[in-house]
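The following exercises are to be worked with the sequence and the predicted model at hand. Each task is followed by a solution in steps.

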Amino acid sequence: MFFLYVIALIIIFLLALILLAPIAVAFDVNGGLSGVRSNVSLKWMFLSYSFSGKPDEKEVPVTNDTSLKEESLPKGDSSKGDFSKGDSSKKDFSKKDSSKEDTDHPLKNTYEMARKGYAIKGQFLHLMKGLLFQLQIRDLAFDLTYGLPDPADTGMLCGYLHTLASIVRGRARRFSYSLYPVFMEEAFDVHLSGSIRFRIGSFIPPLLMFIFNVKVLKTGWWFAKNRYSSS
């Protein structure tokens, strides 16, 4: 019995360390339409770890479609009529698949989903504000040039980003940012650098308040029900 008490105390002590020990993060992120490069270092008590991420550069092999079609034909079969028939059957099959995909959309009422998601905008902003209040932002620099396919979406994102920036400004010791929306074309260029400190346990109360909010629960149940009925 004494051995079990010791194991329980050790587990509680480790959980307390994980939840309450501060974690320091320093980061430098640069990205664009071609990919994102990042350098991040973590420090937790006497442990430290750093890693970097770079966009994958994969060469796509160039193949000749005609050679592939010739290789796919069985040897000794030089008749082109069978091959054309196969192509026509494939076309018919693809038409059937495309017509089926056009009629069987898993999320039919997009407007209703957007309206449901917009209804919990206040709860979501309250969650983001609660999470940001748990961060100790020492310094932060953020420069972003962005443009979405729909100019209306770009304008909505601009409003959200400025709201988020006003919240961060009150929490950071040093904070500088610039936002450049592009409405005529798709664009993405970001530079983000800074250092923060946080405790994992401090994120639990705002997350629980968001998850168990009545309006959030109703919206989550609506999304789950519609997703299950559409599948």
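**Exercise 1. Locate M45 and describe its backbone and its accessibility.**

Solution. Step 1: M45 belongs to the loop that joins β2 (35-44) to β3 (47-53). Step 2: the phi angle of M45 is near 55°, which is a positive value in a residue other than glycine. Step 3: the relative accessibility of M45 is 44%. Buried requires under 20% and exposed over 50%, so M45 counts as partly exposed.

**Exercise 2. State how many helices and strands the protein chain holds, and give their order.**

Solution. Step 1: the protein chain contains eight helices and six strands. Step 2: read from the N terminus, the order is α-β-β-β-α-α-α-α-β-α-β-β-α-α. Step 3: of the 231 residues in the protein chain, 20% are buried. Step 4: among contacts with a separation of 6 or more, 71% are between residues 24 or more positions apart.

**Exercise 3. Check the length of α6 against the expected span, then list its buried residues and what covers them.**

Solution. Step 1: α6 has 19 residues, and at 1.5 Å a residue it should span 27 Å. Step 2: the end C-alpha atoms of α6 are 27 Å apart, so the two values agree. Step 3: the buried residues of α6 are T154, C158, L161, A165, I167 and V168. Step 4: an α-helix has 3.6 residues a turn, so residues three or four places apart point the same way. Step 5: the cover over the buried residues of α6 includes α5, β4 and β5.

**Exercise 4. Apply the span check to α5 and name its buried residues.**

Solution. Step 1: the 13 residues of α5 should span 18 Å at 1.5 Å a residue. Step 2: its end C-alpha atoms lie 18 Å apart, which agrees with the expected span. Step 3: Q123, L127, G130 and L132 are the buried residues in α5.

**Exercise 5. Describe the largest pocket: its volume, its lining and the character of that lining.**

Solution. Step 1: the volume of the largest pocket is about 350 Å³. Step 2: 14 residues line the largest pocket, and L132, L140, L164, V168 and L192 lie nearest its centre. Step 3: two or more lining residues come from each of β4 (136-147), α6 (151-169), β5 (172-181) and β6 (187-198). Step 4: the most is given by α6, with four residues. Step 5: the lining of the largest pocket consists of 14 nonpolar residues, with no polar and no charged ones. Step 6: V168, one of the residues nearest the centre of the largest pocket, is also among the buried residues of α6.

**Exercise 6. Describe the second largest pocket in the same terms.**

Solution. Step 1: the second largest pocket holds about 170 Å³ of space. Step 2: its lining is formed by Q123, H126, L127, K129, G130, F133, P206, M209, F210 and N213. Step 3: the elements that give two or more residues to this lining are α5 (121-133) and α7 (204-211). Step 4: α5 gives the most, with six residues. Step 5: the lining of the second largest pocket comprises five nonpolar, four polar and one charged residue.

**Exercise 7. Determine whether S178 is buried or exposed, and name its contacts.**

Solution. Step 1: S178 is placed in strand β5. Step 2: its relative accessibility is 15%, so S178 counts as buried. Step 3: apart from neighbours within four places in sequence, S178 is in contact with F142, D143 and L144.

**Exercise 8. Give the number of aromatic pairs and classify the pair of F175 and Y177.**

Solution. Step 1: the structure holds three aromatic pairs. Step 2: F175 and Y177 form one that is stacked, at 5.3 Å centre to centre with 15° between the planes. Step 3: F175, with a relative accessible area of 22%, is partly exposed. Step 4: Y177 is at 27% relative accessibility and therefore also counts as partly exposed.

**Exercise 9. Place F183 and identify what it contacts.**

Solution. Step 1: F183 lies in the loop between β5 and β6. Step 2: its relative accessible area is 39%, so F183 is partly exposed. Step 3: leaving aside neighbours within four places in sequence, F183 is in contact with P151, T154 and G155. Step 4: F183 and T154 are 29 residues apart along the chain, and their C-alpha atoms are separated by 6.6 Å.

Technical notes
Residues are numbered from 1 along each chain as its sequence is written. This is a predicted model: local features need pLDDT of at least 70, side-chain atom pairs count only at pLDDT 80 or more; totals for chains, interfaces and linings use all residues. Side-chain values use heavy atoms; hydrogens and water are left out. On a 1 Å grid over the protein atoms alone, a cavity is a set of points where a 1.4 Å probe fits but cannot get out, and a pocket is an open set with protein on both sides within 12 Å along at least five of seven lines; lining residues have an atom within 4 Å of a point. Grid points are joined across faces, edges and corners, and a volume is the space filled by probe spheres set on the points. Ala, Val, Leu, Ile, Met, Phe, Trp, Tyr, Cys and Pro count as nonpolar, Asp, Glu, Lys and Arg as charged, and the others, Gly among them, as polar. Buried means under 20% relative accessible area, exposed over 50%, partly exposed in between (1.4 Å probe, protein chains only). Contact means heavy atoms within 4.5 Å. Rings of Phe, Tyr and Trp (its six-membered ring) pair if their centres lie within 6.5 Å; planes under 30 degrees apart count as stacked, over 60 as edge-to-face and the rest as tilted. The expected span of a helix is 1.5 Å times one less than its number of residues.
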